[in-house]
Amino acid sequence: MMAQFRYEARDVRGRVKKGTIVAPSRRDVIMKLREQRLKVIDVQEVPQTLLTKEITIGNPVKLQHFVIYLRQFATLLKAGVTIVDATRILAEQTESKALKKSLLRIEEQLRSGQSLSVAMTNDSKIFPPLVINMIRAGEASGSIDETLDRLADHFEKVHRTRQKIVSALAYPIVVGIIAVIVVIFLLVGVVPTFVSMFADFGAELPSITKFVLRASEMMQAYWWGVLLLLLSMYGVLLLLKRQKKTKYYLDVIVLRMPIFGGMMQKAVLARMTRTLSSLFSSAVPILQALAIVEEVVENEVIARVIRTSRDALERGESLTEPMKRHWAFPPLVTQMIAIGEQTGSLDAMLAKVADFYEAEVEASTDRLKSLIEPLMIVLLAGVVGTIVTSILVPMFDIFNHIQQ
């Protein structure tokens, strides 16, 4: 377990130096300072508080930073730089603070004699099981540089697919938020100014105007309730996603959605096949590879099928039988995997499936963008137009009454 230590030491010229070091123990800090020709005066462990303790949800390192790290790591190793020195160099260069701290901890463990895969295991929040197991296989075969290149390729393609999904979903979400803000502004800031005018004339208001005025009154009185309801719904959704049983049903809903479901299904299948292909090409045992994919696939529906396929494989049955019986796996996936099993080229077949579905996701996102943009504009115009119409119609009646 790594900890942070505050030290005070004196250099060869007698000048006092102060700073902090991340190390497993106080003894390691003293040894490291002595290696730097510093005379130790005092070393104290920095206690963790709510302000200093790192609280992270998910992986704290951005995917693009992680890809750059893997690619540069492979380049340094191919250039003949040792793993320890390469780790130190990358810790100094990376823009990610979380990755920098992790690499400094890994450097300390490498210098103490631990292997790279073991050191990464101690930082499982940064390095997922896929990376650790492929690095372990690369250490056994003596091809860590090739493994790192393969990992970089894998995460680059995963990142590209994820960005396509995000770009497709971002537009409707942003327009939806803008629509909500505009509606709240109109109901709270604009509509109330016309209420007294309508009341003075005492005219019979149209149904649409009565509806909008009632909505305005409710929004002014219970705006905090609406905000609380939205936050509560978001909190409940996060809690449901953390439970495997409820997450399964949420993932079923996502995959069955009329417009986005097909795109999300293709994205999950691309991630699954790409990960399996990367693991198989690195000589990771098939049962272990399936267990890793089950953890990283990020969809409980697909994860359950993979779990069933792994159990079937342990019984000596075919890997594809459970997949053929499930609605989430198209025939293309099962047929290509079956051919790979028969020909012994499962990694190549899975890579082809991943390439196909990644291309499908890209095409689907482009089609969705062209379809959603006009729909969202029409929706926003309809909502705002309804509110504006509810104000203009009685105003025209009032003007006509005045003229008469």
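This report walks through helix packing, salt bridges and a few individual residues in a predicted model.

## Helix H6 and its surroundings

Let's start with helix H6, which covers residues 129-141 and so counts 13 residues. From first C-alpha to last, H6 reaches 18 Å, close to the 18 Å expected at 1.5 Å a residue. Many of its side chains are hidden: Leu130, Val131, Ile132, Asn133, Met134, Ile135, Ala137 and Gly138 are buried. Just after the helix comes Gly142, with a positive phi near 75 degrees.

H6 has a packing partner in helix H11 (residues 286-296), with an angle of about 155 degrees between the two and 9 Å between their axes. That angle makes H6 roughly antiparallel to H11. On the H6 side, the contact is made by Pro129, Leu130, Asn133 and Arg136, and H11 contributes Gln288, Ile292, Glu295 and Val296. Sorted by character, the residues of this contact divide into four nonpolar, two polar and two charged. Two of the H6 contact residues, Leu130 and Asn133, are also among the buried residues of the helix.

## H9 against H12

A second packed pair is helix H9 (residues 244-256) with helix H12 (residues 300-314). Here the angle is about 110 degrees and the axes lie 7 Å apart. An angle from 65 to 115 degrees counts as roughly perpendicular, and that is how H9 sits relative to H12.

Which residues in H9 meet H12? They are Lys244, Lys245, Lys247, Tyr248, Asp251, Val252 and Leu255, and their partners in H12 are Glu300, Val301, Arg304 and Arg307. The residues of this contact divide into four nonpolar, no polar and seven charged.

## Two buried residues around H12

Ser309 is found in helix H12. With a relative accessible area of 0%, Ser309 is buried. Setting aside residues up to four places away in sequence, Ser309 touches Leu319, Pro322 and Met323.

His326 sits in the loop between helix H13 (321-324) and helix H14 (331-343). Is His326 buried or exposed? His326 counts as buried because its relative accessibility is 18%, and buried means under 20%. Beyond its neighbours within four places in sequence, His326 is in contact with Val301 and Val305. Val301 also appears in the contact between H9 and H12.

## Salt bridges

The structure holds 22 salt bridges. In one of them, the side chains of Asp123 and Arg105 meet at 3.1 Å, N to O. Asp123 lies in the loop between helix H5 (116-121) and H6, while Arg105 belongs to helix H4 (residues 97-111), so this pair ties together parts that are 18 residues apart in sequence. Both ends are hidden: Asp123 is buried at 10% relative accessible area, and Arg105 is buried at 18%.

Other pairs involve helix H15 (residues 346-403). Lys164 and Glu362 meet in a salt bridge at 3.8 Å, N to O. This pair links distant parts of the chain, with Lys164 in helix H7 (residues 144-201) and Glu362 in H15, 198 residues apart. Lys164 is partly exposed at 23% relative accessible area, and Glu362 is partly exposed at 37%. Arg274 forms a salt bridge with Asp355, with the closest N and O atoms 2.5 Å apart. Because Arg274 lies in helix H10 (residues 261-281) and Asp355 in H15, the pair ties together parts 81 residues apart in sequence. Arg274 is buried at 6% relative accessibility, whereas Asp355 is partly exposed at 39%. Finally, Arg71, Lys78, Asp149, Asp153 and Glu156 are linked in a network of salt bridges.

## Positive phi in the loops

Most residues other than glycine have a negative phi. Ala283 has a positive phi of about 65 degrees although it is not a glycine. Ala283 is found in the loop between H10 and H11 and counts as exposed at 61% relative accessibility.

Glu298 also has a positive phi of about 65 degrees without being a glycine. Glu298 belongs to the loop between H11 and H12, and with a relative accessible area of 52% it is exposed.

How values were computed
Residues are numbered from 1 along each chain as its sequence is written. This is a predicted model: local features need pLDDT of at least 70, side-chain atom pairs count only at pLDDT 80 or more; totals for chains, interfaces and linings use all residues. Side-chain values use heavy atoms; hydrogens and water are left out. Helices (H or I, at least four residues) and strands (E, at least two) are DSSP runs, numbered from the N terminus. The expected span of a helix is 1.5 Å times one less than its number of residues. Buried means under 20% relative accessible area, exposed over 50%, partly exposed in between (1.4 Å probe, protein chains only). Axes are lines fitted to C-alpha atoms, for helices over the stretch in contact, and angles run from 0 to 180 degrees between N-to-C directions. Angles under 35 degrees count as roughly parallel, over 145 as roughly antiparallel, 65 to 115 as roughly perpendicular and the rest as oblique. Contact means heavy atoms within 4.5 Å. Ala, Val, Leu, Ile, Met, Phe, Trp, Tyr, Cys and Pro count as nonpolar, Asp, Glu, Lys and Arg as charged, and the others, Gly among them, as polar. A salt bridge is a side-chain nitrogen of Lys or Arg within 4 Å of a carboxyl oxygen of Asp or Glu.
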